Amino acid sequence: MTVANVREAVAFAKEQRAKIVDFKFVDLLGTWQHFSVPMSECTEASFEHGFGFDGSSIRGWQSIHESDMLILPDPTTAVMDPFMSEPTVSFISNIIDPINRAPYTRDPRHIAQKAEAYLKSTGLADTAYFGPEAEFFIFDSIRFDQTHNEAFYHIDSEEGRWNSGQNSGPNLGYKPRYKEGYFPAPPTDAHQDLRSEMVLCLEQLGIHVECQHHEVATAGQSEIDMRFSPLTVMGDYLMWFKYVTKNVARRHNKTVTFMPKPIFEDNGSGMHTHASLWKDGKPLFAGDQYGGLSQMALFAAGGLLKHAPAICAFANPTTNSYRRLVPGFEAPINLAYSLRNRSAAVRIPMYSANPKAKRLEFRTPDPSCNGYLTFAAMLMAMIDGIQQKIDPGQPLDRDIYALTPEELAKVPKAPGSLEESLTALARDQEFLLSGGVFTRDAVETWLEYKWAKEVSPIRARPVPYEFALYYDC
């Protein structure tokens, strides 16, 4: 059932015999938070008045002396949570200030909504579609710790190639080789049924899934592709996607991670993100230019490439993100566009000649990101590219490995570390501020949090391999 308003949302909850109402909202970094109330508290008035919570306990949000915040449930997001033992209706919520009732400028979902409104205000288009291909790993066990005198992590997976010599039980030998996990049939692909359960659960929530498959790495790397949707809706869907995959895995005593690079010397997890602009139900990116693109699409690509280093601060937001974005492999570190070259940051998929399928594929993002912020930043870059008529330059259609060092040096590169991307965002943020979509406060809060809570603490800690390199110096 599609819910259109508050009255229908309350009726839906009663029809489903819900006993509990769960309110989900996303923190600045992209993690769902939630709290629940009994069904007796869910009235039409509650959607207007909201529910209070402590904003100072949410990462990157309020200080202790101004902690009171309100959530306003979005009635159109009503679904039954598929993992609760008691019938539970779930609403994704927006955040507002309890004093002036204004939307909270650090609420990522609000930023996504403002980006969509800004697009319409420009007259360029009325809809921005996004289609992320989020990759993830399914592990059987993960252990990690960091103390003053010890640091370690230990991953295990029934599919892990490193277990090919194990003698602790029946070893049937079907384990994907490193970098050869793309599309093997069962029994080598041990997670077909698990991924299918994830797909069916997503469809139960009303999310259109196009396909699922094993990915390149050993140890259960997987991909499930959702059909493209408008920006904020896709931000919602990506949150459900992470929630569903993790909870379905947990049902089977397995664990899912969207950490981009958990395994040394095997493929990391990316989130290639397809984007296109439409107006009055018609696609705007199809035309007679390179790759069947329109001039608008080429300018949009120019905007993505120009602002890519700053976008990476949101699209590749962890220090681990840059273990994936390293030179010499298939990682999309080259800030160029191409028809088929997968090392280019922007690719033009050529699977279909249908104008409705014409789109840009931004290959740099990874699934550790906050989808609302990443999609909004991408849209703002594309709008800037179109408005400023930014030339994307010449396409990169040659084999990257065949380029001479001199030729390769002329191709701009994505940041090589979180420090570089944060520095780029600090220098290049005006395009995000247009129309008040991102506020300077939101950007500065993001930068301050990342420097203080991630970059600096990791800088201060020795890692195990440093002992192998330097202990006997």
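Helices and strands here are DSSP runs, at least four residues long for a helix (H or I) and at least two for a strand (E), numbered from the N terminus. With that in hand, welcome to the close-up views, all drawn from a predicted model.

**View 1. E86 sits in the loop between β5 and β6 (88-96).** Start here to see how a loop residue can lie beside a residue from another part of the chain. E86 and I20 are 66 residues apart along the chain, yet their C-alpha atoms are separated by 7.2 Å. Is E86 buried, exposed or partly exposed? E86 is partly exposed, because its relative accessible area of 40% falls between the 20% limit for buried and the 50% limit for exposed.

**View 2. Helix α12 runs from residue 440 to residue 459.** How far apart are the end C-alpha atoms of this 20-residue helix? They are 27 Å apart, which agrees with the 28 Å expected at 1.5 Å a residue. Along the way, look for a kink of about 35° centred on W451. The buried residues of α12 are A442, V443, T445, W446, L447, Y449, K450, E454 and V455. An α-helix has 3.6 residues a turn, so residues three or four places apart point the same way. Keep that spacing in mind while scanning the list of buried residues. The packing partners of those buried residues are α3 (108-122), α6 (295-315), α8 (371-388), α10 (418-427) and α11 (430-433).

**View 3. Y449 is a residue of helix α12 with contacts elsewhere in the chain.** Y449 counts as buried because its relative accessibility is 17%, and the cut-off for buried is under 20%. Which residues does Y449 touch, leaving aside those up to four places away in sequence? The contacts are L29, R59, G60 and E454. Take L29 as an example: Y449 and L29 lie 420 residues apart along the chain, and their C-alpha atoms are separated by 9.4 Å. E454, another of the contacts, is itself listed among the buried residues of α12.

**View 4. The largest cavity holds about 30 Å³ of space.** How many cavities of 30 Å³ or more does the structure hold? There is 1. The lining of the largest cavity is made by L28, I111, F314, L373, F438, A442, V443 and W446. By class, these are 8 nonpolar residues, with no polar and no charged ones. Helix α12 makes the largest share of the lining, 3 residues. A442, V443 and W446 from this lining also appear among the buried residues of α12, so View 2 is a handy companion to this one.

**View 5. The second largest pocket has a volume of about 500 Å³.** Its lining counts 22 residues, and the closest to its centre are T76, T77, A78, V79 and L205. Which elements supply at least two lining residues each? They are β5 (79-80), α3 and α5 (231-251). Helix α5 gives the most, with 5 residues. The lining is a mix of 12 nonpolar, 7 polar and 3 charged residues.

**View 6. Two residues that are not glycine, R17 and A219, have a positive phi.** Most residues other than glycine have a negative phi, and most peptide bonds are trans. R17 has a phi of about 55° and is placed in the loop between α1 (6-15) and β1 (20-26). A219 has a phi of about 65° and belongs to the loop between β10 (209-214) and β11 (221-226). Which way does each fall, buried or exposed? R17 counts as exposed because its relative accessibility is 68%, whereas A219 is buried, with a relative accessible area of 0%.

**View 7. The peptide bond from P186 to P187 is cis.** Its omega is near 15°. To find P187, follow the loop between β9 (151-156) and α4 (192-204).

**View 8. S294 lies in the loop between β15 (282-283) and α6.** Why does S294 count as buried? Its relative accessible area is 10%, and buried means under 20%. Leaving aside residues up to four places away in sequence, S294 touches L284, F285, A286, G287 and Q289.

Methods:
Residues numbered from 1 in each chain as written. Predicted model: local features only at pLDDT ≥ 70, side-chain atom pairs only at ≥ 80, totals over all residues. Heavy atoms only, no water. Expected span 1.5 Å × (residues − 1). Bend = angle between axes of the 7 residues up to and from the residue. Buried < 20%, exposed > 50% of the residue type's maximum accessible area, 1.4 Å probe, protein only. Contact = heavy atoms within 4.5 Å. 1 Å grid on protein atoms, 1.4 Å probe; cavity = no way out; pocket = protein on both sides within 12 Å on 5 of 7 lines; lining within 4 Å. Points joined across faces, edges and corners; volume = space filled by probe spheres on them. Nonpolar A, V, L, I, M, F, W, Y, C, P; charged D, E, K, R; others polar.
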